[in-house]
Amino acid sequence: MDLKIKINGEDWTLDVAPADTLLDVLRERVGTKSPKIGCERGDCGSCTVLIDGRSVRSCLVLAVEADGHEITTVEGISYDGLSELQTLFLENNSFQCGFCTPGIVLSATELLEQNPNPTRHDVQEALAGNLCRCTGYEPIIDAVLAAGDGGSE
Ligand code: FES
Ligand code: FES
């Protein structure tokens, strides 16, 4: 089946199988490795990407469902250097192993687009689908709050 999608601003036409997931296609066909293979059943959020600006778990999306849409991964928001949010994650030592990082960056980016001045509770809710086994979440949440318009709670 023909799939026409835009990935990080670049148009792609790919021949995909009906059962191929968007995660498979991004990693194995396009070479976009930031979406990580975790649980592959929608639980961990490590495969999170944005479709038309909305976060989705790419392991649960069939590639053909993304036909005609625009996909953004962490590579796509970092062409011109790190975003302010990514810089704040660095400054807050938010991550350790980094496996969860791309998904959390994208979920938090979506949150800040929709709600530029989130509360701690808003951030917790927005990141509830992104599991991190290393950090206890506090330095992640602190960085997202710092990136908000208020710069704090
Ligand atoms: S790999 Fe997709 S949610 Fe875990
Ligand atoms: S930093 Fe290791 S899983 Fe989040």
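The exercises below, each with a worked solution, concern a predicted model of a protein chain.

**Exercise 1. The two domains and their contact**

Describe how the chain is divided into domains, and work out which elements of domain 1 face domain 2.

Solution. Begin with the domain assignment, which places residues 2–77 in domain 1 and residues 84–147 in domain 2. Taken over C-alpha atoms, the centres of the two domains are 21 Å apart. Next, consider the contact itself, in which 16 residues of domain 1 meet 13 residues of domain 2. On the side of domain 1 that touches domain 2, at least two residues come from each of β3 (48–51) and β4 (54–57), and β3 gives the most, with 3 residues. Finally, sorting the residues of that side by class gives 7 nonpolar, 7 polar and 2 charged.

**Exercise 2. The packing of α2 and α5**

Determine the geometry with which helix α2 and helix α5 cross, and list the residues through which they meet.

Solution. Two packed helices are described by the angle between their axes and by the distance between those axes, so both quantities are needed at the start. For helix α2 (residues 84–91) and helix α5 (residues 138–147), the axes come within 9 Å and cross at roughly 140°. Because angles over 145 degrees would be required for a roughly antiparallel pair, α2 is classed as oblique to α5. The handedness of this crossing is right-handed. Turning to the residues, α2 contributes E84, L85, L88 and F89, which meet A143, V144, A146 and A147 of α5. By class, this contact holds 7 nonpolar residues, no polar residues and 1 charged residue.

**Exercise 3. The surroundings of α5**

Establish how many residues of α5 are buried, and identify the helices against which these residues pack.

Solution. The count comes to 7 of the 10 residues of α5, so this helix is largely enclosed by the rest of the structure. The buried residues are I140, I141, D142, A143, V144, L145 and A147. Their packing partners are α2, α3 (101–114) and α4 (120–126).

**Exercise 4. The environment of P35**

Decide whether P35 is buried or exposed, and then trace which residues surround it.

Solution. First locate P35, which lies in the loop between α1 (22–29) and β3. Within 10 Å there are 24 other C-beta atoms, and because the cut-off for burial is 20 or more, P35 is buried. Leaving aside residues up to four places away in sequence, P35 touches L23, L26, R27, C47, T48, V49, S58, T73 and P102. A further relation links P35 with F99, since the two are 64 residues apart in sequence, yet 9.2 Å apart in space from C-alpha to C-alpha.

**Exercise 5. Two residues with positive phi**

For N93 and Y137, give the value of phi, the loop in which each is placed, and the degree of exposure.

Solution. Most residues other than glycine have a negative phi, which is the background for this exercise. Phi of N93 is near 50°, a positive value in a residue other than glycine, and N93 is placed in the loop between α2 and α3. With 11 other C-beta atoms within 10 Å, N93 is exposed. Phi of Y137 is near 75°, again a positive value in a residue other than glycine, and Y137 sits in the loop between α4 and α5. Y137 has 18 C-beta neighbours inside 10 Å and therefore counts as partly exposed.

Conventions
Residues numbered from 1 in each chain as written. Chains lettered and ligands numbered in written order. Predicted model: local features only at pLDDT ≥ 70, side-chain atom pairs only at ≥ 80, totals over all residues. Domains from an automatic or database assignment. Contact = placed C-beta atoms within 7 Å. Helix = DSSP H or I, 4+ residues; strand = E, 2+ residues; numbered from the N terminus. Nonpolar A, V, L, I, M, F, W, Y, C, P; charged D, E, K, R; others polar. Axes fitted to C-alpha atoms, helices over the stretch in contact; angles between N-to-C directions. Parallel < 35°, antiparallel > 145°, perpendicular 65-115°, else oblique. Left-handed = near helix turned anticlockwise from the far one by under 90°. Buried ≥ 20, exposed ≤ 12 C-beta atoms within 10 Å, placed from the backbone.
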